[in-house]
Amino acid sequence: MARDFESTRELRFAIKGAVLMLLAAVIVIGFPIFVYTMCRIDVPVRQFALLTRKTGEDMDNHQEVALDENHKGLQLEVLPEGRYFYTPVFWDWGVYPMVEIPQEKMGIRVRLHGEDLPYGQVVAMNDHQKGVIEEPLKPGRYAYNPLVIDGRTKQ
């Protein structure tokens, strides 16, 4: 009777050990696979990624863009060409083409977030105001958030 008790105990210990080894193997193999397949953002050449945070502090009603990474919503900063890893539980993203200004042309930017301009003012004088940005874009490629700054080429 005592031997049966010891063998049952040993069998339970062996089963628990096997289950723990299997769980460790799933974690060691499964976690990197999850990170590489589900959390990876590959941004191709001439494109950029736009991030939206799903969790965090709420924005005020008058804000169009999140103030920083701690706030929910559309992020002001974009990810240029390259490979990045963000958890899809907390982040959503989209990949968009860069704005390309051809030779012999220039671009005009319109900031769609910030404080409203005072009456009679047309050009945004600082980084906290909505409106036309004073400095034009020269020929080249630019990674501007299309939902925050409207890049349009002008002759």
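**Strands, core and salt bridges in a predicted model**

Along β1 of this predicted model, the side chains alternate, with I41 and V43 pointing to one face, where they are buried, and R40 and D42 pointing to the other, where they are not.

Colleague: What pattern does the chain follow when it is read along the sequence?

Modeller: The secondary structure comes to one helix and 11 strands. Helix α1 covers residues 2-38, and β1 covers residues 40-43. Read along the sequence, the chain therefore follows the pattern α-β-β-β-β-β-β-β-β-β-β-β.

Colleague: Which elements give two or more residues to the largest nonpolar core?

Modeller: That core has seven residues in all, namely I41, V43, A49, L51, L79, Y86 and W91. I41 and V43 are the residues of β1 that point to its buried face. As a general background, nonpolar side chains in soluble globular proteins tend to be buried together. The elements that give two or more residues to this core are β1 (40-43) and β2 (47-53).

Colleague: Which residue of β4 stands opposite V43?

Modeller: β1 pairs with strand β4 (residues 82-85) in the antiparallel sense, over four bridges. Leaving aside residues up to four places away in sequence, V43 touches F48, A49, L79, P80, E81, G82 and Y84. The residue of β4 that stands opposite V43 is G82.

Colleague: Which residues are linked with R40 in a network of salt bridges?

Modeller: R40 points to the face of β1 whose side chains are not buried. The structure holds seven salt bridges, and a network of such bridges includes R40. The residues linked with R40 in this network are D42 and R83.

Colleague: How many residues apart in sequence are the parts that the salt bridge between R46 and E100 ties together?

Modeller: The side chains of R46 and E100 meet at 3.1 Å, N to O. R46 lies in the loop between β1 and β2 and E100 in strand β6, so the pair ties together parts of the chain that are 54 residues apart in sequence.

Colleague: Is R46 buried, partly exposed or exposed?

Modeller: R46 is found in the loop between β1 and β2, and its phi is near 65°, a positive value in a residue other than glycine. Most residues other than glycine have a negative phi. Because its relative accessibility is 42%, and the class in between runs from 20% to 50%, R46 counts as partly exposed.

Colleague: Is E104, with its positive phi, buried or exposed?

Modeller: E104 has a positive phi of about 70° although it is not a glycine, and its place is in the loop between β6 (99-101) and β7. Since exposed means over 50% relative accessible area, the value of 78% makes E104 exposed.

Colleague: How many residues apart in sequence are the parts tied together by E81 and R141?

Modeller: E81 forms a salt bridge with R141, the closest N and O atoms being 2.9 Å apart. E81 lies in the loop between β3 (73-79) and β4 and R141 in strand β10 (residues 140-142), so the parts that the pair ties together are separated in sequence by 60 residues.

Colleague: Which residue of β9 stands opposite R111?

Modeller: R111 belongs to the covered face of strand β7 (residues 106-111), together with G107 and R109, whereas M106, I108 and V110 form the uncovered face. β7 is joined by two bridges to strand β9 (residues 131-133), and the two run antiparallel. The residue of β9 opposite R111 is G131.

Colleague: Is Q129 buried or exposed?

Modeller: Q129 lies in the loop between β8 (123-124) and β9. Residues up to four places away in sequence aside, Q129 touches R111, H113, E115, L117, P118, Q121 and A124. Because the relative accessibility of Q129 is 9%, and the limit is under 20%, Q129 counts as buried.

Colleague: What accessible area do the residues of the nonpolar surface patch have together?

Modeller: The patch is formed by L20, L23, I27, F31, F34 and M38. One of them, L23, is found in helix α1, and at 47% relative accessibility L23 counts as partly exposed. Together the patch residues have an accessible area of about 630 Å².

Notes
Residues are numbered from 1 along each chain as its sequence is written. This is a predicted model: local features need pLDDT of at least 70, side-chain atom pairs count only at pLDDT 80 or more; totals for chains, interfaces and linings use all residues. Side-chain values use heavy atoms; hydrogens and water are left out. A nonpolar core is a set of buried Ala, Val, Leu, Ile, Met, Phe, Trp, Tyr and Cys residues joined through side-chain atoms within 4.5 Å. Buried means under 20% relative accessible area, exposed over 50%, partly exposed in between (1.4 Å probe, protein chains only). Contact means heavy atoms within 4.5 Å. Patches are made of residues with over 30% relative accessible area and no salt bridge: like charges are joined within 9 Å, nonpolar side chains (Val, Leu, Ile, Met, Phe, Trp, Tyr) within 5 Å. Accessible areas come from the Shrake-Rupley method with a 1.4 Å probe; for residues, only the protein chains shown count as cover. A salt bridge is a side-chain nitrogen of Lys or Arg within 4 Å of a carboxyl oxygen of Asp or Glu. Two strands pair if DSSP finds at least two bridges between them.
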